[in-house]
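Okay, thanks everyone, let me put this one up on the screen. I'll start with the domains and then move on to the ligand.

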Amino acid sequence: MKVAVFSAKNYDREFLDAANASRHELHFFEPQLNLETATLAAGFGAVCIFVNDHLDATVLERLADGGTRLIALRCAGYNNVDLKAAAQHTLTIVRVPGYSPHAVAEHTVGLMLALNRKLHRAYNRVREGNFSLEGLLGFDLHGKTAGIIGTGKIGMVVGQILAGFGCRILAFDPFPNETCRSLGARYLSLDELLAQSDIITLHCPLTPENKYMIDASALRKMRDGVMLINTSRGALLNTVAVIDALKSGRVSYLGLDVYEEEEHIFFEDRSGLIISDDVFSRLLTFPNVIVTGHQAFFTREAVENIAATTIGNITSFESGQSLANQIASS
Ligand code: NAI
């Protein structure tokens, strides 16, 4: 199949080419897919996209008019695709539902450890010959209460790792799972989890219903000095409200791998440029905030899995087989 791969980086090319083994005709385009760039996909039966390619109704219409029949997401989340509009244009959407929950879960716990023991600050200090421990005091994770919001594939692995540290695990998920319960996790209401957790970590998908589930009101329900981690999707959290909570001390540690306006910032080298997003820039001024640029998925194993599953999805579509990874239209 002729496939237009958008937001293509060198690593996408390397891993997709290896998985493809010349089966499909892959064309790599660096730009994000949007209304301006959609014309590049004209004549391509399949379009392959990533987390910040924006497929609203107008873009989908443009793609369908250009002959596209398949949208292959090389990610798990699909909040960036208007599923209703895709169905209207009889576009099939496939994704990579679970390429490596370990990659994201391990990065999540990495953020917790770095924030707690202030490794980002210690690294800089030692390199400048400053071996003072003032300000670096951490806490034992052992015995602390961790609240996991969303106990699917990633949340489950986070639970397993934190149980290994000796944390007490609380969970909130409309569909509790027994494996998580067997770790000793206790399912509570969201409000109870917010009120009882020392660490809160988000692992649910972003939907129109849960946008800003962590807003000013949710933040007020949390313990003073809470650690908040979001490696899921930026808009689960109202960044302005979290900045207020950082200023008041309600939130003492914030770890983010995602940001609600990340499509204008992440995945590019902007080190020589001025960042015009004042909310994002404010976040970077806090010593108790660590932001990574949507890299939680980025391990060799995960990227190999993404490439293999994406190529498999395209092959199945082309050969008319049933599509295990198809997203049903809502
Ligand atoms: P999953 O589908 O296995 O699990 C999601 C869980 O969230 C399910 O158990 C579901 O019942 C639950 N859930 C749905 N709505 C909820 C709500 N309002 N409150 C609480 N729980 C809710 O998904 P998986 O693989 O664990 O991924 C979770 C999210 O992680 C993805 O949706 C994606 O946004 C994000 N992600 C981030 C990556 C990164 O690199 N930072 C990479 C991969 C995924």
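So, how many salt bridges count between domain 1 and domain 2? Just to say it up front, this is a predicted model. The count is one salt bridge between domain 1 and domain 2. The side chains in it are those of Lys-9 and Glu-268, with 2.7 Å from N to O.

Let me back up and say where these domains are. The domain assignment gives domain 1 as 2–99 + 300–318, while domain 2 is 101–291. Go from the C-alpha centre of one to that of the other, and domain 1 and domain 2 are 30 Å apart.

Now for the interface. On the domain 1 side, 13 residues make contact with nine residues of domain 2. People often quote the size of an interface as the accessible area lost when the parts come together. Here, domain 1 and domain 2 bury about 970 Å² between them, and carbon and sulfur atoms give 50% of that. Which residues of domain 1 lose the most area to domain 2? Those are Lys-9, Asn-52 and Asn-79, and together they make up 45% of what the domain 1 side buries. So there's Lys-9 again, our salt-bridge partner for Glu-268.

On polar contacts, five residue pairs come up across the interface of domain 1 and domain 2. As for what the domain 1 side is made of where it touches domain 2, we get six nonpolar residues, six polar and one charged.

Okay, on to the ligand. What surrounds it? There are 25 residues, and the closest are Tyr-99, Lys-153, Ile-154, Asp-173 and Thr-231. That shell splits into 13 nonpolar, eight polar and four charged residues.

A few side chains to look at here. Lys-153 puts a polar side-chain atom 2.9 Å from a ligand oxygen. For Arg-233, a polar side-chain atom is 3.4 Å from an oxygen atom of the ligand. Asn-210 has one 3.5 Å from a ligand nitrogen. And of the 870 Å² of accessible area the ligand has on its own, the protein covers 84%.

That's it from me, happy to chat.

How values were computed:
Residues are numbered from 1 along each chain as its sequence is written. This is a predicted model: local features need pLDDT of at least 70, side-chain atom pairs count only at pLDDT 80 or more; totals for chains, interfaces and linings use all residues. Side-chain values use heavy atoms; hydrogens and water are left out. Domain bounds come from an automatic or database domain assignment. Contact means heavy atoms within 4.5 Å. Buried area is the accessible area (1.4 Å probe) that two parts lose on being put together, summed over both. A salt bridge is a side-chain nitrogen of Lys or Arg within 4 Å of a carboxyl oxygen of Asp or Glu. A polar contact is a pair of N or O atoms within 3.5 Å; within protein, one must be able to donate a hydrogen and the other to accept it, and residues adjacent in sequence count only if both atoms are side-chain atoms. Ala, Val, Leu, Ile, Met, Phe, Trp, Tyr, Cys and Pro count as nonpolar, Asp, Glu, Lys and Arg as charged, and the others, Gly among them, as polar. A residue is near a molecule or strand if one of its heavy atoms lies within 4 Å of it. Accessible areas come from the Shrake-Rupley method with a 1.4 Å probe; for residues, only the protein chains shown count as cover.
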